[in-house]
Every structure is written in structure tokens, then in C-alpha cells.
Amino acid sequence: MTMSDMPTGERPQTSTRNYEELRDSLEGWVRQHVPGAVVSDLVVPESNGMSSETVLFDLAVPGEEGPRRLVARIAPDPEADPVFSTYDMGRQFRTMQMVAAHTEVPVPTVLWLEEGTDTLGVPFFVMERVDGIVPPDVLPYTFGDNWFFEASVEDQPRRERQAVEALVALHALTSDGPAAFLAGPDDGESHLRHHVREQRAYYDWVAADGVRSPLIEAGFEWLEAHWPENPDDAIFSWGDARIGNMMFEDFTPVAVLDWEMAAVGPREIDIGWMIYIHRFFQDLVEDLGLPGMPHIMRRDSISAIYEASSGYQPRDLDFYTAYAALRHGIVMFRITRRSIRFGEAVMPEDPDHAILHHAHLRKMIDGVYWDDK
């Protein structure tokens, strides 16, 4: 594990912004859309991610009773060593518009987009706020003492089923339809090939300082050796498909969030990611001798729910769960570097140990990870 070799409830530093200055700048910009509006009660959630920033605020509008409750989704401060090399806020904005227009999947209503940098120094957009609760990441919901962990044995599988059904609905969007703007170049290569190539480019950016991970590089070699035959890969991909990016009310999803990794590719990219991210959290608790939540988000149950809802049987899940673990490994490799920058960590002697789940990723590559799952 990276940093302290132990999960904690402390979230790594995510931003270097001055939020009072941000409030003033945001108010001036919003007044271009709503003259006389006043921004108040600006709040940065403790659950803010380490990528795009989410800022909650109220907007008082002349002549209206009560404030509008809004959210600004802001590209990260370049001085904060962002997780990703680029943030296309316009792409996120248009993805949410597409999902709202062509599916029944609940997404917040997006209002205004700013792709320039004059206002906040980075692009951003504003959307309506949705009330609900999200399974926590810090500490992960598998550690207990949270609403998701403590739900009844009937309600937990219900959330699992509804999360998978949301994937099925999203996967009705294709690259020859509304999702065409997310497709890679038309160069004769598969969408899966484009997707993996972008991940390789991301890893090269993360490791541009010369500190590379033999494990990650072995993972890319493993993918080539186990490449799926004829993947059905012209499907819209949410990208960060996990229950931690879903907001619930009364155990029902009311908003699907975080679209910065949206792309086109095989539907198993999302399925594998949804399975693996739960496994990542479950592995953390099991490594500490805790029970966690082994009874939900299992590979066999996710696959069965998907097939029952869509008529499509997911394929090659050894490949796609390993690909998810590899992608997550690159993100963790980057996050350790951010923590080093903020004085929260040091680079281990073995660079692979900068990846929190390096032992489990190695088991996937060795073909033994799923033996006891």
C-alpha cells in the first residue's frame, strides 16, 4: 500500500483555491446569465474528489422566492497537480445533456458552460443540485458505520440491481448515434484499442519524471496477450461506473454523477469497472481482517443482473476486471505523486508499492486473483 500502508479517514489535499475569491468571481459570471443574482452559502463538500472540483452554492434571484440551489463543477486548479492531464468540461457538459435527452437515467440538469479561463482560471459549468446521499469513499463504505453498509439485506441488493440497470440504459447509446462525439478517430482501429492506447498515454504522462512501474507495464503486456476477440465495442461508456458515483434517496438512484471519463468502447469497460472498484474497497477491509461487504457487487451477480436486464451476456470479464484494476493502478500511481507534492507521502523504494492495490493487481496478472472470490 502507498503512504501509511493503512486506509485512513483523512482525504489527501485536493485544491489550493481561495474560495472567497472564487465566490466573487462566480457571482460576477452568473450575473451574465441571471442579472442581479447573488451567490451565497458556497460550500466545498468534504467528499470532494481529487479530480474536477464540486462547489455547492445558493443563488438568490431578484423576484424569486427562495434561492436556487446549484452546483459548480470546476476543472482542477493547475497548481494542485491534478489527477489527469486534461479536463474537457465541455465534453462533460455535453455528455450530461446527451444522457438526459436520450435515456431515463437521472442526471442533474446542466445550465451554463464556461470553456474559457478568464473567470476562474479554468473551465467550469453550473448545474442544478440534487438532494440525496452517496456511498462514501473515505472511509470506503465497506468499512461500515455508514448508511449503505447498515442497510438491510433486502435493500443492498436492490441498489446493486438498480446500479446495473442504469448501466444497461446508458449502453443503449452508441457511437453511430448520440454518443458519436465521444468516439475516437476513424482510423480502422477498434474503440477498445483507442481506449487502451489513451490509458497508455496517461501512464506515460504520470511517469514522465522517469519513475515507472514495472507492474503497470507488465499489466499492459498482459492485456495484449489476452486481447478479446471481436469485442462489441461501439457502446457509450460512462467511464467511472460505480455506486460511489450514484446519489440515492430512499434506496433509489436520483442522480448519476462524474462523467469526466466518458468514452466509447465495449460495454464490459463499465461492467468491469463497477465490479472492480467494489473489489478494491472490499480488498482493503479484508486485508485488515474485517468482513466488509462480500455479498454484493460480485462478478457473477453483476453479470447475471446485466444479462437479465439487457439480454446481453457480458464476456471476457477476466480481461475487463484486470483492465479496470490496471487503470485504477495508474490513477493510484498519480495520486501518490500528488501526496508527495503536498508532503503527505514519500515515493517507496519499489515504485510498484506506490499503487495501493499492487498485490491484488499482481494476482490478477498472474491469473489467481479470482480463485477465492
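**Salt bridges, helix packing and aromatic pairs**

Arginine 23 is buried, with 19% relative accessible area, because the limit for that class is under 20%. The model described here is predicted. In this model, arginine 23 takes part in two of the salt bridges described below, one with glutamate 20 and one with aspartate 24.

The contact to glutamate 20 has its closest N and O atoms 3.7 Å apart. Both residues belong to helix α1, which covers residues 19-30. Their spacing is 3 residues, about one turn of the helix. The contact to aspartate 24 has a closest N and O distance of 2.7 Å. Aspartate 24 is partly exposed, at 40% relative accessible area. These residues belong to a wider set: Glu20, Arg23, Asp24, Glu27 and Arg31 are joined in a network of salt bridges. In total, the structure contains 26 salt bridges.

Another salt bridge pairs arginine 129 with aspartate 58, with the closest N and O atoms 3.1 Å apart. This pair connects distant parts of the chain, 71 residues apart. Arginine 129 sits in the loop between β5 (124-128) and α3 (155-170). Aspartate 58 sits in strand β2, residues 53-60. Aspartate 58 is buried, with a relative accessible area of 13%. Arginine 129 has 21% relative accessibility and counts as partly exposed, because the buried class requires a value under 20%.

Helix packing was examined for α6 and α8. Helix α6 spans residues 268-287, and helix α8 spans residues 317-341. The two pack at an angle of about 60 degrees, with their axes 8 Å apart. The crossing of α6 past α8 is right-handed. On the α6 side, the contact involves Glu268, Ile269, Ile271, Gly272, Trp273, Ile275, Tyr276, Ile277 and Phe280. On the α8 side, it involves Leu317, Tyr320, Thr321, Ala324, Ala325, Arg327 and His328. By class, the α6 and α8 contact comprises 11 nonpolar, 3 polar and 2 charged residues.

Aromatic contacts were searched over the whole structure, giving 22 aromatic pairs. One of them joins tryptophan 147 and phenylalanine 248. The ring centres are 5.9 Å apart, and the planes stand at 55 degrees. The pair is tilted, because only planes over 60 degrees apart count as edge-to-face and those under 30 as stacked. The two residues come from distant parts of the chain, 101 residues apart. Tryptophan 147 lies in the loop between β5 and α3. Phenylalanine 248 lies in strand β7, residues 246-249. Tryptophan 147 is partly exposed at 23% relative accessibility, whereas phenylalanine 248 is buried at 1%.

A further pair joins phenylalanine 236 and tryptophan 259. The ring centres are 6.2 Å apart and the planes meet at 25 degrees, so this pair is stacked. Phenylalanine 236 is in strand β6 (residues 235-237), and tryptophan 259 is in the loop between β8 (252-256) and β9 (263-265). The pair therefore ties together parts that are 23 residues apart in sequence. Phenylalanine 236 is buried, at 0% relative accessible area. Tryptophan 259 is buried as well, at 2%.

Ring pairs also build a cluster of Tyr141, Trp147, Phe148, Phe248, Tyr276, Phe280 and Phe281. Tryptophan 147 and phenylalanine 248, the tilted pair, are members of this cluster. Tyr276 and Phe280 are members too, and both also appear on the α6 side of the contact with α8.

Note on methods:
Residues numbered from 1 in each chain as written. Predicted model: local features only at pLDDT ≥ 70, side-chain atom pairs only at ≥ 80, totals over all residues. Heavy atoms only, no water. Salt bridge = Lys/Arg side-chain N within 4 Å of Asp/Glu carboxyl O. Helix = DSSP H or I, 4+ residues; strand = E, 2+ residues; numbered from the N terminus. Buried < 20%, exposed > 50% of the residue type's maximum accessible area, 1.4 Å probe, protein only. Axes fitted to C-alpha atoms, helices over the stretch in contact; angles between N-to-C directions. Left-handed = near helix turned anticlockwise from the far one by under 90°. Contact = heavy atoms within 4.5 Å. Nonpolar A, V, L, I, M, F, W, Y, C, P; charged D, E, K, R; others polar. Phe/Tyr/Trp six-rings, centres within 6.5 Å; stacked < 30°, edge-to-face > 60°.
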